[in-house]
Amino acid sequence: MAVNLAQAAMNRTKAALDSAALRRVFETIHLESCPTSYNFHMHTLCSDGQLPPEVLIQQAIAIGLKGLAITDHHTINGYLAAQRWLNEWQEQHLTESAPTLWMGLKSMRTF
């Protein structure tokens, strides 16, 4: 059982980094999807947001988001803390649905 839970958590992390999985999500999105089902631009206290990563995930679960991306500036610490919390939550709520968490990135362009 513990191995299955660990594997499930690892699979969710891999899916969060898998561009093909994200592409499949983008193919299903329509005008009403954002931000009611998905929000791809969220910040935590680790940059200029107002919520700790754990509280951000709690709110995402409470409102029923299917997926979200934490896009903190210059750090992935918010994403990492949120993913840890989400993995622990999932171990305790095996029958409940949880959002997919992606690591958001801001592309830097040079001119």
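This is a guided tour of one protein chain, given as a list of stops to select in the viewer.

**The whole chain**

Begin with everything displayed as a cartoon, and keep in mind that this is a predicted model. The protein chain holds four helices and three strands, and anyone tracing the sequence from its start will meet them in the pattern α-α-β-α-β-α-β. If you colour the chain by burial, buried residues account for 37% of its 111 residues. Contacts across the sequence are also worth a look at this stage: among the contacts in the chain with a separation of 6 or more, 71% are between residues 24 or more positions apart.

**The nonpolar core**

Next, select Ile-57, Ile-61, Leu-68, Ile-70, Leu-86, Trp-89 and Leu-101, which are the residues that touch the most other members within the 15 residues of the largest nonpolar core. Helix H3 (53-63), strand E2 (67-70) and helix H4 (77-92) each contribute at least two residues to this core, and H4 gives the largest share, with five residues. As background, nonpolar side chains tend to be buried together in soluble globular proteins.

To see one member in detail, centre the view on Ile-61 and show what surrounds it. Once residues up to four places away in sequence are set aside, Ile-61 touches Trp-85, Leu-86, Trp-89 and Pro-99.

**The aromatic cluster**

Now hide the core and show the aromatic rings. The whole structure contains four aromatic pairs, and a pair of this kind is described by the distance of the centres and the angle of the planes. Select Phe-26, Tyr-38, Phe-40 and Trp-102 together, since ring pairs link these residues into a cluster.

How are the rings of Tyr-38 and Trp-102 arranged with respect to each other? They form a tilted pair, with 6.4 Å from centre to centre and 40° between the planes. Tyr-38 belongs to strand E1 (residues 38-42) and Trp-102 to strand E3 (residues 100-103), so this pair ties together parts of the chain that are 64 residues apart in sequence. Tyr-38 is buried, with a relative accessible area of 11%, and Trp-102 is buried as well, with a relative accessible area of 5%.

Keep Trp-102 selected and turn to Phe-40, which forms a tilted aromatic pair with Trp-102 at 5.6 Å centre to centre and 40° between the planes. Because Phe-40 lies in strand E1 and Trp-102 in strand E3, this pair ties together parts that are 62 residues apart in sequence. Is Phe-40 buried or partly exposed? With a relative accessibility of 23%, Phe-40 counts as partly exposed, given that buried means under 20%.

**Ser-37 and Gly-67**

Step back along the chain from Tyr-38 to Ser-37, which sits in the loop between helix H2 (19-28) and E1. Although it is in a loop, Ser-37 is buried, with a relative accessible area of 19%. Leaving out neighbours within four places in sequence, Ser-37 is in contact with Leu-65, Lys-66 and Gly-67.

Follow that last contact to Gly-67, a residue of strand E2 that is buried, with a relative accessible area of 0%. Beyond its neighbours within four places in sequence, Gly-67 is in contact with Ser-37, Tyr-38, Asn-39, Pro-99, Thr-100 and Trp-102. If you draw a distance from the C-alpha atom of Gly-67 to that of Leu-22, the viewer should give 9.9 Å, for two residues 45 residues apart along the chain.

**Two backbone details**

Most residues other than glycine have a negative phi, and most peptide bonds are trans. With that in mind, zoom in on the peptide bond from Cys-34 to Pro-35, which is cis, with omega near 0°; Pro-35 is placed in the loop between H2 and E1. Then move to His-74, in the loop between E2 and H4, where phi is near 65°, a positive value in a residue other than glycine. His-74 is exposed, with a relative accessible area of 85%.

**The cavity**

For the final stop, select Ile-70, Thr-71, Asp-72, Thr-75, Ile-76, Tyr-79, Met-103 and Gly-104, the residues that line the largest cavity. That cavity has a volume of about 30 Å³, and its lining is made up of four nonpolar, three polar and one charged residues. Ile-70, one of the lining residues, was also selected at the core stop, among the residues that touch the most other members.

Conventions:
Residues are numbered from 1 along each chain as its sequence is written. This is a predicted model: local features need pLDDT of at least 70, side-chain atom pairs count only at pLDDT 80 or more; totals for chains, interfaces and linings use all residues. Side-chain values use heavy atoms; hydrogens and water are left out. On a 1 Å grid over the protein atoms alone, a cavity is a set of points where a 1.4 Å probe fits but cannot get out, and a pocket is an open set with protein on both sides within 12 Å along at least five of seven lines; lining residues have an atom within 4 Å of a point. Grid points are joined across faces, edges and corners, and a volume is the space filled by probe spheres set on the points. Ala, Val, Leu, Ile, Met, Phe, Trp, Tyr, Cys and Pro count as nonpolar, Asp, Glu, Lys and Arg as charged, and the others, Gly among them, as polar. A nonpolar core is a set of buried Ala, Val, Leu, Ile, Met, Phe, Trp, Tyr and Cys residues joined through side-chain atoms within 4.5 Å. Buried means under 20% relative accessible area, exposed over 50%, partly exposed in between (1.4 Å probe, protein chains only). Contact means heavy atoms within 4.5 Å. Rings of Phe, Tyr and Trp (its six-membered ring) pair if their centres lie within 6.5 Å; planes under 30 degrees apart count as stacked, over 60 as edge-to-face and the rest as tilted.
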